[in-house]
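Thank you all for making time this morning. I would like to walk you through one model, going slowly enough that everybody can follow along on the screen.

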Amino acid sequence: MSDIWQQLAAHRSQTADTSILSLFDDTTRFDRFSAETDGMLLDVSKTSLDATAMDLLVQLAQGEDLEAKIAAMFRGEAINTTEDRAVLHTALRAQADTPIEVDGADVLPEVRTIRSQMEQFAEAVRNGDIQTADGGHFTDVVNIGIGGSDLGPAMATLALTPYHDGPCCHFVSNVDGAHIHDTLATLDPRRTLVIIASKTFTTIETMTNAETALVWLRAALGDKAGDHLAAVSTAHDKTAALGIAPERVFGFENWVGGRYSLWGPVGLPIMLAIGSKNFKDFLRGADAMDNHFKTAPLHKNLPVLLGLVGIWHNNICDYGSRAVLPYDQHLQRLPAYLQQLDMESNGKRVAQDGSTLPRASGPVVWGEPGTNGQHAFYQLLHQGTAVVPAEFLIAAEAHEPDLRHHHDLLKANCLAQSEALMRGRSLAEASEVAAKRGLTGAEQDRMAAHLSFPGDRPSITIAYPKLTPFVLGQTIALYEHRVFTEGTIWGLNPFDQWGVELGKELAVALLPLVQGAPTDHKDGSTSGLLSKLTPPAAT
Ligand code: F6P
């Protein structure tokens, strides 16, 4: 493999002077460097990838047995080797009846039983068969969870706003009391259902927020507070200890990772908001992408292509971050969701076997919807010293037919940005602009330097017909499998997250110190900050 990495690096240095724009002298480039499945198009032609680089990257993937590893994941092998678990979020959305076995037992019957319980519960809340303690309708739902038990459902619920016809869903994650305080302040406990979502049911933020919500419910409903509670967890003993009725607990197995869990019970708020039929379409979209990932040839396989472009940019071109830029306001939370999906999965420095990785792994992922970002950080994308590959997402059609001109402008802006990043503006062109402003001589030259854009900055575009539940399912699965592709090529385990443990342990140890215990064994900074953060004694 190291040979292919070397060939890629050598190819990059030989072609570094070839501009992306010049690659379009090949009029077939768009067709050759884009791929489509079920109406979703991925265009990677506005990157510096050429046929040689693509061939080498495909060889890299083949050398890491990507296809066999994809099959092993879908088959239910224990590919999460540091936790000895299968990785089967794909089973939560599988539409076919082909058995998927873990430890010799087909998991699909259980997946479907739990989904049907979720559906019955969600539909009964939506149609009023499940009532509030005083016999009314639930108008609001508060989902209490964090990380994978928050970001997925929060992002997807917002993304599917045009499909909302159920109770209004709110999401509380932060242990900062402001989050739950400000959310509950707007709600009536007599009309609100609280879902406590935690795979482990031990996460301190979620347990603290759950206690606060319970106090709020009990103050209004007394011993009927339980009528306003539901839970999503793998830990049935712990949900029972909190007094949540077993028929209101929706479980899942440990082969579903937190950041991959929105397809099952963690998706309950999504189902409550959009209904079980739309939720099925959401699962169908993801399943369609799963089938494409399993069967399409690597160079026309959307998640694989996205992963290979990621490797090219990160490891070969040395671009250490990627910007996710949805030109779709409903995808406002997608960058935050992808930060967890990507950075918690591939933010690793050791290989599966414990050895240190020989090269960079997961990049920094960040972003904001367009066009807002254009008026904020795009300055750096166009003229900054760092090159940041941009990932645009755009729909052919919006959900607001009366506002077609808005969507036309949105599309024009999206295309303008990828074109501007690629073309730039040469010094000569910038000089003409300066001249038109009446500048001459040294001042014209000085301003031309400011007005020129280097260009040759790569971007990819994901284009889809409309942000329907099906398309959202496709999009999320696309990114999940991209993370898998990259993690496999880097040789790491994308399915654990040991890196979040140390901070959690230290927070537990620091709590007594924040509450007044002696701080003398701490480093100078931590002791100094602790004393600064001690509020003055009440007088
Ligand atoms: O902080 C890391 C993490 O374990 C995530 O992986 C997970 O999604 C989140 O915490 C929440 O965990 P839980 O669902 O168990 O409360």
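**A walk through the model**

Let me begin with one pair of residues, where valine 232 stands opposite phenylalanine 250 in strand S9. Please keep in mind throughout that what we are looking at is a predicted model. The pair I have just named belongs to the pairing of strand S8, residues 229-232, with S9, and these two strands run in the parallel sense and are joined over two bridges. If we step back, both strands turn out to be part of an open sheet of five strands, with the order S6-S5-S7-S8-S9 and parallel pairing. At the edges stand strand S6 (168-172) and strand S9 (249-250), and because each has a single partner strand, one side of each is left without a neighbour in the sheet. As a reminder for those new to this, strands of a sheet pair through backbone hydrogen bonds, either parallel or antiparallel.

Valine 232 also leads us to another residue, since Val232 is among the residues that isoleucine 195 touches, together with Val141, Asn143, Ile144, Ala230, Ala231, Leu268 and Pro269, if we do not count residues up to four places away in sequence. Ile195 is in turn one of the five residues that touch the most other members of the largest nonpolar core, which has 131 residues, and the others are Ile144, Val194, Leu268 and Leu305. The largest share of this core, eleven residues, is contributed by helix H19, residues 469-490. The core also takes at least three residues from each of domain 1 and domain 2.

That brings me to the domains, of which the assignment gives domain 1 (4-14 + 32-64 + 296-421 + 464-496), domain 2 (92-279), domain 3 (424-457) and domain 4 (499-533). The centres of domain 1 and domain 2, taken over C-alpha atoms, are separated by 31 Å. Where these two domains meet, 17 residues of domain 1 are in contact with 18 residues of domain 2. On the domain 1 side, helix H14 (334-346) and H19 are the elements that give two or more residues, and H14 supplies the largest share, seven residues. By class, that side divides into nine nonpolar, five polar and three charged residues.

Now to a different strand: how many of the six residues of strand S13, residues 459-464, are buried? Six of the six are, so S13 is largely enclosed by the rest of the structure. Both of its faces are covered, with Ser459, Thr461 and Ala463 buried on one side and Ile460, Ile462 and Tyr464 buried on the other. Strand S2, residues 40-43, pairs with S13 in the antiparallel sense over three bridges, and within that pairing leucine 41 has alanine 463 as its bridge partner. Strand S12, residues 390-395, runs parallel to S13 and is joined to S13 by six bridges, with glutamate 391 partnered by isoleucine 460.

Finally, let us look at the ligand, which is surrounded by 14 residues, the closest being Gly147, Gly148, Ser198, Thr203 and Gly258. When the shell around the ligand is sorted by class, we find two nonpolar, nine polar and three charged residues. I will stop there, and I am glad to go back to any part on the screen.

Key. Residues are numbered from 1 along each chain as its sequence is written. This is a predicted model: local features need pLDDT of at least 70, side-chain atom pairs count only at pLDDT 80 or more; totals for chains, interfaces and linings use all residues. A nonpolar core is a set of buried Ala, Val, Leu, Ile, Met, Phe, Trp, Tyr and Cys residues joined through C-beta atoms within 7 Å. A residue is buried if 20 or more other C-beta atoms lie within 10 Å of its own, exposed if 12 or fewer, and partly exposed in between; C-beta atoms are placed from the backbone. Helices (H or I, at least four residues) and strands (E, at least two) are DSSP runs, numbered from the N terminus. Domain bounds come from an automatic or database domain assignment. Two residues are in contact if their C-beta atoms, placed from the backbone, lie within 7 Å. A residue is near a molecule or strand if its C-beta atom, placed from the backbone, lies within 6 Å of it. Ala, Val, Leu, Ile, Met, Phe, Trp, Tyr, Cys and Pro count as nonpolar, Asp, Glu, Lys and Arg as charged, and the others, Gly among them, as polar. Two strands pair if DSSP finds at least two bridges between them.
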